[in-house]
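Colleague: I am new to this structure and would like a close look at a single part of it rather than a quick tour. Please choose a place to begin, keep to the charged side chains where you can, and explain each term as it comes up.

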Amino acid sequence: MNTYPLTLFYDSNCPICRFDVANLQARNQAGLLRFVDITTADFDPSRYGLTLRDFESAVRAQCADGRMVAGMETVRLACRAAGLSWLVAPSAWGILRRPADALYTAFARNRLGIGRRFGWLFDHLVARQAKKQAARCKDGVCSIDTQKQE
């Protein structure tokens, strides 16, 4: 199975999704992730054999081999591509997998309400991250600190 590059479908109207995508884009140095906004006028969910409601109900991704994944498995694959495997690794461990998948499903069902209530916080975090990245650029030249932080 060929997983990467992984095309991640996201809802740009959701502040939580915007935060997650900004975080993943900032860590996508290897180019293993591609991003598709499901809210654009030219997005056609039927192209993937799904409805817009399917895409809105859970985060989804398409693997390089055409396989579609959804929910927590998408999160695991995206985090792995961005070098954040450690963050979600416990969610794939035997006894923890089912509860983690169920928690994601409950979160996805309520993400818009959570976003309405706490969207300001996620938008603030995205802006803060962008400001930090912009600080690395001077006179049109950007650099990445390659020295290890200890």
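Modeller: Arg136 is partly exposed, with a relative accessible area of 43%, where partly exposed is the class between buried (under 20% relative accessible area) and exposed (over 50%), judged with a 1.4 Å probe and with protein chains only. The model is a predicted one, in which local features need pLDDT of at least 70 and side-chain atom pairs count only at pLDDT 80 or more, while totals for chains, interfaces and linings use all residues. Residues are numbered from 1 along each chain as its sequence is written, and side-chain values use heavy atoms, with hydrogens and water left out.

Arg136 sits in the loop between helix H5 (94-135) and strand E5 (137-138); helices (H or I, at least four residues) and strands (E, at least two) are DSSP runs, numbered from the N terminus. Together with Arg27, Arg128 and Lys132, Arg136 forms a positive surface patch. A patch gathers residues with over 30% relative accessible area and no salt bridge, joining like charges within 9 Å and nonpolar side chains (Val, Leu, Ile, Met, Phe, Trp, Tyr) within 5 Å, and the areas come from the Shrake-Rupley method with a 1.4 Å probe, only the protein chains shown counting as cover for residues. Lys and Arg count as positive and Asp and Glu as negative, with His and the chain ends left uncounted, and the place of a charge is taken as NZ of Lys, CZ of Arg, CG of Asp or CD of Glu.

From the patch we can turn to charges that are paired. Side chains of opposite charge can pair when their charged atoms come close. A salt bridge here is a side-chain nitrogen of Lys or Arg within 4 Å of a carboxyl oxygen of Asp or Glu, and a search of the whole structure finds 5 of them. Glu73, Arg76, Arg97 and Asp101 are linked in a network of such bridges, and this is the part that I would follow contact by contact.

The first contact to follow is the one between Arg76 and Glu73, whose closest N and O atoms are 3.1 Å apart. The two are 3 residues apart in helix H3, so about one helical turn separates them. Their surroundings can be compared as well, since Glu73 is partly exposed at 24% relative accessible area, whereas Arg76 is buried at 3%.

Glu73 also forms a salt bridge with Arg97, with the closest N and O atoms 2.9 Å apart. Because Glu73 lies in helix H3 and Arg97 in helix H5, this pair ties together parts that are 24 residues apart in sequence. Arg97 counts as partly exposed, at 33% relative accessibility.

In a further contact, the side chains of Asp101 and Arg76 meet in a salt bridge of 2.7 Å, N to O. This pair too links distant parts of the chain, with Asp101 in helix H5 and Arg76 in helix H3, 25 residues apart. Asp101 is partly exposed as well, at 26% relative accessibility.

Helix H3 (residues 72-81), which carries one side of these contacts, is mostly covered, with 7 of its 10 residues buried. Among those buried residues are Met72, Leu77 and Cys79, alongside Arg76. Just after H3, Gly83 takes a positive phi of about 75 degrees.

Helix H5 also holds Leu103, which counts as exposed at 62% relative accessibility. The C-alpha atoms of Leu103 and Met72, 31 residues apart along the chain, are separated by 8.9 Å. Elsewhere, Trp93, in the loop between helix H4 (85-88) and H5, makes a nonpolar surface patch of about 380 Å² with Ile95 and Leu96.

To place this part in the whole, the protein has 5 helices and 6 strands, and buried residues make up 34% of its 150 residues.
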